[in-house]
Amino acid sequence: MKRRLQKMLTLLLVLVVQIAFAQEKIVTGTVVDQEGLPLPGVNVIEKGTNNGTQTDFDGNYSIRTSQGAVLTFSYVGFVPNEITVGASSVIDVTMTVDAAALDEVVVVAYGTQNKKTLLQSLSKVDSEQLEDIPAAGPQDLLQGQAAGVQVVNSSGILGSAPTVKIRGVNSISSGSRPLFVVDGVPLNDANQTTAQGGQALNPLNDINPNDIESMTVLKDAAATAVYGSRGSNGVVLITTKTGKKGEATRVSLDLSTSFSESTDRFNMMNADQLRQFSVEKGRVDSVTDLPQGSFNWPDAVVRTGYSQNVDASVRGGSEKTGFYLGTTFSDQEGFIIGNELERRSVRLNLNHEATDWLNVGASIQYSYINNDRVGAENSTFAPLTSAYLQSPWVEPYDENGNYRNTGFIANVIAIEDLDINDAKTSRFIGNVYAEAKLGLEGLTFRTDFGADRYLLEQQERSFEINSPGGYAYNSVDQQNKWILTNSLKFNRSFNDVHNINAVAGMSYEQTDTRGIDVEGTGFLSDDLINVTSASEFSTTSSEGAGSRLFGVFGRAGYNYDQRYIVEGSVRRDGSSRFGLNNQYGTFWSVAGGWVVSDEAFMGGTGDWLSLLKLTASYGTSGNDRIGNFASLESFEGGAISNYNGASGLRQLSAPNPDLKWERSKAFNLGLNTGFFNDRVALTVEYYKKQTDDLILNVPIPYTNGGINSITSNVGSMENRGFDISLNTINIASGDFSWSTNLNVGINENEVLSLPGASVDNQGRQFVEGSPAQRAIVGESVNTFYLIRYAGVNPETGDAEWLTADGERTTSPTANDRVIVGDANPDFVGGLRNTFKYKNFDLNVFFNFSYGNDIMIEGLRFTDNPNGNFNLRTDLLDVWRQPGDNAYVPGFDSPTFATFAQRSTLQLRDGSFARLKNLTLGYTFGEGVLDQIGFLDGVRIYATANNLLTIKGDDLDGIDPEVTDTVGALGQGETFFTPPQSKTYLFGVRFNF
Amino acid sequence: MKIYNKLILIFLSVFVVSCDDELNLQPEDQLTLDVSFSNKETSLGVLTGAYSAAQQDDVLNGTRQAYADYMADNVDFVGSFPTFQAISQFNQLSNNTSIEAGWDDNYETIGATNLVIKYIPTVEDVAFTDEEKAIAVAEAKFLRALIYFNMANIYAQPYSITNGDTPAVPLVTEPFDAEVQFPSRATLGAVYDQVEADLLDAAAVLGDSDNSRATKGAAEGLLSRLYLYKGQYDLAAEYADNVIQNSAYSLASDYSFYNTTDSEFMFTLLNSAADGQDSGEGFSGLYNPVPDGRGDAPFTDNLIEAYGGMDTSDKRFTELTQIGNDANGDERIFTSKYPDGITNADNAPVLRITEMYLTRAESNFREGTSIGDTPLNDINELRKRAGLSELNSISSVDQILEERRKELAFEGHRRMDLLRIQLPLRRPGMPNVEKSNPGDQKTIFPIPSREIDLNENLTQNPGY
């Protein structure tokens, strides 16, 4: 204490002296890079003071300072410059790129690391890549952005849940979703909302995409082993925006408006066509025997959705404090009638240097989302589904203009106009931390306390016309997590060449969920809204569950002169989710690397080869997504067990006290290169990942008490492939620059063994994922297994299929199913081109998927000529006489009834390339802004999303991007996916 | 600083110790097998669970009955749901998901009854008397017999053709105890033998106080049906007569007994909005017109004619039908035996005494006997209730069968009533008549391909 006082006195003295003698003056100048291009946003700070500014868009700055003061010029990716103010009042600065920008720091698990000596395989997605992509949740932002990351959007419905796979499907029965961690808090991502025909809403929607500074995707075991039991599907670390200490305060206001419309829809018959078809097929004798109405349902359930977004933020810092305060208001309308989403979100991130040994901080988000939902996929209350299936002579209104009930295929226009179907979520995600420097140089202790509290309220009310008697449903679900992490970090260099980077810690995480559901029917009036007014209570339920996870972890890295690098990590996790005999599991990794380009013998290559680094890693990680009590036997009560007012019990599952961790062993080889001062950067990684002790709900014959499966550790699966990313600055001269980022993830999945699983008639073991799909030993986990459709025989007019032996037949059986495709793509990726010319910027971003098959189950209905739903216009192509090459068998053919049975008739090649984002922006130059004194910058921009989709001819009317499950099995299937929306967005961003 | 370090170490170590207990988190609403059979209340809860399992739509609550009707001549299937449509057109495959679900749910129910039969006798609870235990076991045996009987009839060719020698379904009589079993199919004869043994056991113990659960009358009634299907008409008549003589049951005076616990029923499964039919594909969902139901299953013209056409005075038509829109929006005749398509709270009529009159009449007629009463009197008893003129004589068994059809329509009898006497399921002029003959491959269900793939001891039915 005494010493500190002395220091302060000295400091005060110096200041006084300075004030007394310094001669104040205004220094101006221009900051440029090595190419002479102006650098906007460079921090110019008078060293040792709060006095600072930033360069404007032309690289100019102006600062009041004094002779003898030291100005520091700093900018990310450049070597900081210090210049002492002399007599001149003009100081122009040329910044040099920081040693190939390799000292860039990247976020890793429990810390940050220097990119140059990084051994872990990870992909970083920066804020520039995230801007201008209108996204509902954080997963959408990853699509096409990082090698080895596949994101499949499930539909164009607002808030729908995408599937995210990192380096392939790594599990069968456990979830295959990666772990998302926001500012150190692993998020709850269990589905809480109702499925409504499709699937639950994206549980990560509450993370406001506008708050995200960067995302880091951890891919290999070296990166994920410290997440132990949750690492095997990969981990996505989300870092939210912060203010830096000493950074000038910047206010930013972003306003945007967008219009969205549907991309692909089926062409359905009109009333006259279907009436005529019904006569021809003999359903009725004459068109007059059918209702004479006419209505275009598919057109009536879509619209142009109009959305508005306001995003305001303030960020900056003082000497000891940095802050970010952001808020978002958005109102979105989907292109399907009745689909709307409101988002209200605030975030406050703070960091403060409390003393010279203690830093504290917090990142806190609260968000509220009100999603006015619509059904999807396999639901007759889903607008698009019922619009396709509804007979076009059925009209939504009666002769008096009132809505009518249209029966089993519901009047979706009345439903969306009248009924209530809301999901409201409130979510708090926060983390507070304190970081203390301990006695030993380089040693710090950090404690984090995080929380993720989630409250969901769902309300449904279907009124008399749509549900006779009325129907109401209300549920409240809470999910509360808290997590405490304590860690010690050691980061130090010895003799300038021995660098040590280590972290060790422990973490305890507790999640509790609770939900209450009520449901009722029998309302006297549509003016009585809630379940309390019902006469019959079909559901009254409350449930609670939870999980506990305790882990100790450590990671230590050493490098010699940033050339030879080794790192190891370990984590031991205990989880309440596993069998008593196997509650604990240990996961580990080792990695090594060599920066070849820094070797003396590479001296001659420095002018063209800026980086050559080789890395290798091997390690293990686990997967705990098996539900909370999968190892226990259960006798359960409730409605499924009760009879006639008496409480009952039913045996629902078998015990497995030996249930243990699913374990992935992953090997990764990396080649990192940079050429011509990193204008060309190529990274190629090869990986091979074997998942053993697969947690599988091993199906057993139903004759065992009707129990479907036993959750066991059996079998193994392998994913292997390459992740390639190539970043090039093609042109950087004068006013024009052009850069390209390409990433490709090549993945092959193979099921290695499934002991105890079903055996098909070829003797192969398999697990059925859906009626169309299986995980088969020796094949992909998402192998399509179907009867092959061969077409309509032009001579006979009969539809023909192939038997298992390849013979043509008109009456195939289930034994004729064979392997016909794979829902997993051969490769996925993204291609981004960024052009800048003077004040204009243009961003062209494609994402693509190649070699995957998709199954459109809905075609079994819309292409069933013998059914009584509406049909696609393709069905008009009926065989009529020998020689016809028709789509549909003849009306008299016995196969007319079986034509649409499940077969490759509904299977398509799902390869596509999509212009996901096209953005044109203009940033106003100084001349304009001078007129408006308080503005520092204005950018206007226009963005189009999903403007163009390149796909197969037989996907006319079908969106190639489909999934009706986020589970590992059954990928690439859909009933009727509402297509992705085409969105046009116009925005303006003000900086103050 | 040293003090800080020590504090942190202490903090860490305390935390590590305290976490171990936290990992042994227990579920809030689950019991184990041992606890479930540790006392009278929870063990009887497992029996209640067996009834609850039987409430699943494709066990006793209508789906299975509807499939049978889709195959036969009472119902004109107009829906478009592919798995149902396939059954109605005799082109179902072994991977038909609706058929697979039915197999699953029926074996769930069998599993629940097996638990009761094995473990209830072992429960140690002084409050649980041997007599109470015996009744619980008898109820479970009745349920098990009922489910096996229903399953055997849809997965095996009828006894009248095969004499019970072809495979039916696996006969599992032990509960699941974590050791997976791979049983092969028992013959229809063996399944019928088990059904008979269970029912005889049950009839010897059960009383008749509560027809919402298994009763002696229900056990004897089902025995009567079993003997009828096997062609053992003397036994069929005898057991039917036993029930008719049982004072607990009596022929209702009119048709208002549906969805009540009237003494017409020996066993009716009671449903409510909150606890009953579970899928919308049960009696109430499938047999009602839109918008309350799916409108999939209107009367065939042939059935309307059987009642005497639209102008008939047969109360079974005038009082038990409704006019409504079918799935296509066309106005059709539907049954009103299950009127609650909104909350699906209608009861399942499992066994009622009218069937006993019909069985006694048919069996006596075929045997030339008059156990209990004459066929003419039995039939006239039913015709009187229907508001029809009494017959003077019965010249053909067809007259009895016609009454049977009209009485029991939409209650799950028609398909077997045709097959057991070797009649085609469809009448001439109906679609797919040629595939509906007794013994035709697709008049019975395939063993679900899932089960074949998991259990190499299972054989598939021909044609799948």
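**Note on the predicted two-chain model**

1. In strand E41 of chain A, the bridge partner of Arg774(A) is Thr783(A). The model is predicted, and the pairing should be read on that footing. The strand that carries Arg774(A) is not left to inference, since E40 of chain A covers residues 773-776 and pairs with E41(A) in the antiparallel sense over two bridges. Between E40(A) and E41(A), which together form a hairpin, there are six residues, and in the turn Gly778(A) has a positive phi of about 90 degrees.

2. E41(A) has a further partner in strand E45 of chain A (residues 818-822), again in the antiparallel sense, here over four bridges. Thr783(A) stands opposite Asp822(A) of E45(A), and Thr783(A) is also the bridge partner of Arg774(A).

3. Strand E41(A), residues 783-786, is covered on both faces: Thr783(A) and Tyr785(A) are buried on one side, while Phe784(A) and Leu786(A) are buried on the other.

4. Turning to the domains, chain A is divided into domain 1, residues 16-97, and domain 2, which is assembled from the segments 250-265, 302-782, 823-863 and 900-991. The centres of these two domains of chain A, taken over C-alpha atoms, are separated by 43 Å. Their contact takes six residues from domain 1 of chain A and nine residues from domain 2 of chain A. On the domain 1 side, the residues that touch domain 2 comprise two nonpolar, one polar and three charged.

5. The contact between the chains takes 76 residues from chain A and 80 residues from chain B. Several elements of chain A each supply at least two residues to the side that touches chain B, among them strands E25 (498-521), E27 (564-575) and E38 (758-759) and helix H9 (859-862). The element that gives the most is E26(A), with 11 residues. By class, this side of chain A has 33 nonpolar, 34 polar and nine charged residues.

6. Chain B has 19 helices and six strands, and its C-alpha trace spans about 110 × 50 × 45 Å along the principal axes. The radius of gyration of chain B, 25 Å, agrees with a compact globule, because such a globule of 464 residues would have a value near 23 Å. Of the 464 residues of chain B, 57% count as buried. Among contacts in chain B with a separation of 6 or more, 67% are accounted for by residues 24 or more positions apart.

Methods. Residues numbered from 1 in each chain as written. Chains lettered and ligands numbered in written order. Predicted model: local features only at pLDDT ≥ 70, side-chain atom pairs only at ≥ 80, totals over all residues. Contact = placed C-beta atoms within 7 Å. Nonpolar A, V, L, I, M, F, W, Y, C, P; charged D, E, K, R; others polar. Domains from an automatic or database assignment. Rg over C-alpha atoms; globule rule 2.2 N^0.38 Å. Buried ≥ 20, exposed ≤ 12 C-beta atoms within 10 Å, placed from the backbone. Pairing = 2+ DSSP bridges.
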